[in-house]
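Welcome! Here is a short briefing to help you find your way around this protein. Please have a look at the sequence and the model first.

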Amino acid sequence: MGKKQSKEHRKKLKKQAKRNKRIEKQFEKQKTHEHGEVKILLLGTGDSGKSTIVKQMQILYKGGFPNDEIEIYKNVIRSNIKSYIKTLIKACGTLNIEINEKNRELSQDFLQTVRKNSPEITEEHKENLRTLWKDKGLKEAYARRDEFQLPDAANYFLDQIDKIADKNYLPQADDILYCRIPTVGVKEIHFEVNKHLWRLIDVGGQRSERRKWIHQFDDVNLLIFIVAASEYNQLLYEEQNTNRMQESLQVFKKHVNNDFFKKKDLVLLLNKIDLFKEKVKKYPLTICFPEYEGGDNYDKSIRYIKKQYLSQVKKKKKRKVSCHYTCSTDTDMTKKVIESVMNSIIKSDINRYFI
């Protein structure tokens, strides 16, 4: 980032900081007023895209990310690309995929000597990462990534090894959106849209984090449940014999019908539709739903998934229920979906949402 760009970035952050401070003051003031902020709770299982939605709100309504957060993401991204290569090397062994003979010693040395949790990328690391990522064996393992655990965005970063290894590298917005850091505990963001204040709360989706969800149930005005549509043929991180979408369906059924939410409006987001659209051509939906008979047609497949979720919702007459398809790493699409949800709230009767 050049000096001019850096200066403009600092100026932008300073301006946004003032705006954020004003919003926080308004938020505190309205807490004692009959009209407060709309509290939105994001739920969903691990890797569904909840945290990416929160990042998009940061980009769209908070002016982006402060420098200290950008530095954290830089270190995580650099650590992750080494972890991705290690995962692919191990997968080659598990799946009986041959690594090119000239790269076998290198791959074993990489496993033994390179610390995946270190953000440092030396020149030697860069060359080794580049060589291993080009290996046909690792490419074949990547093509079979649904058979083991590898983040969806691994190739996005591995295709940019040179840029990420550069000493002056700073993550851009897309890099941060694709960077996965599992949510631990509770994160929330306050922002203003259409002269109304909104509070979006994200809670960790992994099994170990779900026991904390109940502490956020009080005074929720709107529940958004996020599903990664592309996970229908994948297994849980925590339990290798449980289908991710079947797990998500059970979690959805349990929580949307909870007494806290049975009269609250509900938005279902079927996320990662870009990945789903490509995947359904190769892997039948019957992997998750044996009774499905629609073949590899995208529209029929996504409507079937939608039906499976919405059929779990009880007492629909007492709440407004809607569904949207989205790709949370696409800022324009996310903005349209989120603002559609917000406009629906405002047009209906926003007073009933305020706490």
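There are zero disulfides in this structure, which is a predicted model. Two of its cysteines are worth finding as you look around: C92 is buried, with 2% relative accessible area, and C327 is buried as well, at 9%. Both values fall below the cut-off, because buried means under 20% relative accessible area.

**The overall picture**
- The protein is built from 13 helices and six strands.
- Of its 355 residues, 52% count as buried.
- Among contacts with a separation of 6 or more, 75% are between residues 24 or more positions apart.

**Two helices that cross**
- Helix α3 covers residues 67–94 and helix α6 covers residues 136–143; their axes come within 9 Å and cross at roughly 90°.
- This angle makes α3 roughly perpendicular to α6, because angles of 65 to 115 degrees count that way.
- On the α3 side, the contact is made by I85, L88, I89, A91 and C92.
- On the α6 side, G137, L138, A141 and Y142 take part.
- Sorted by class, the contact of α3 with α6 has eight nonpolar residues, one polar residue and no charged residues.
- C92, one of the contact residues of α3, is also the buried cysteine with a relative accessible area of 2%.

**The sheet**
- Six strands form an open sheet with mixed pairing, and their order is β2-β3-β1-β4-β5-β6.
- Which strands sit at the edges? They are β2 (186–193) and β6 (321–325), each of which pairs on one side only.
- On average, neighbouring strands of this sheet are turned by 20° against each other, with direction ignored.
- As general background, strands of a sheet pair through backbone hydrogen bonds, in either a parallel or an antiparallel sense.
- Here, β1 (residues 38–43) and β3 (residues 196–203) pair in the parallel sense, over five bridges.
- To see this pairing up close, look for L41, which stands opposite I201 in β3.

**Helices lying across the strands**
- Helix α10 (residues 244–256) lies across β1, β4 (222–228) and β5 (265–271).
- The direction of α10 is at about 170° to β4, so the two count as roughly antiparallel, the term for angles over 145 degrees.
- Helix α12 (residues 298–310) lies across β4, β5 and β6.
- Relative to the edge strand β6, helix α12 runs at about 150°.

Definitions and conventions. Residues numbered from 1 in each chain as written. Predicted model: local features only at pLDDT ≥ 70, side-chain atom pairs only at ≥ 80, totals over all residues. Heavy atoms only, no water. Disulfide = S-S within 2.5 Å. Buried < 20%, exposed > 50% of the residue type's maximum accessible area, 1.4 Å probe, protein only. Axes fitted to C-alpha atoms, helices over the stretch in contact; angles between N-to-C directions. Helix = DSSP H or I, 4+ residues; strand = E, 2+ residues; numbered from the N terminus. Parallel < 35°, antiparallel > 145°, perpendicular 65-115°, else oblique. Contact = heavy atoms within 4.5 Å. Nonpolar A, V, L, I, M, F, W, Y, C, P; charged D, E, K, R; others polar. Pairing = 2+ DSSP bridges.
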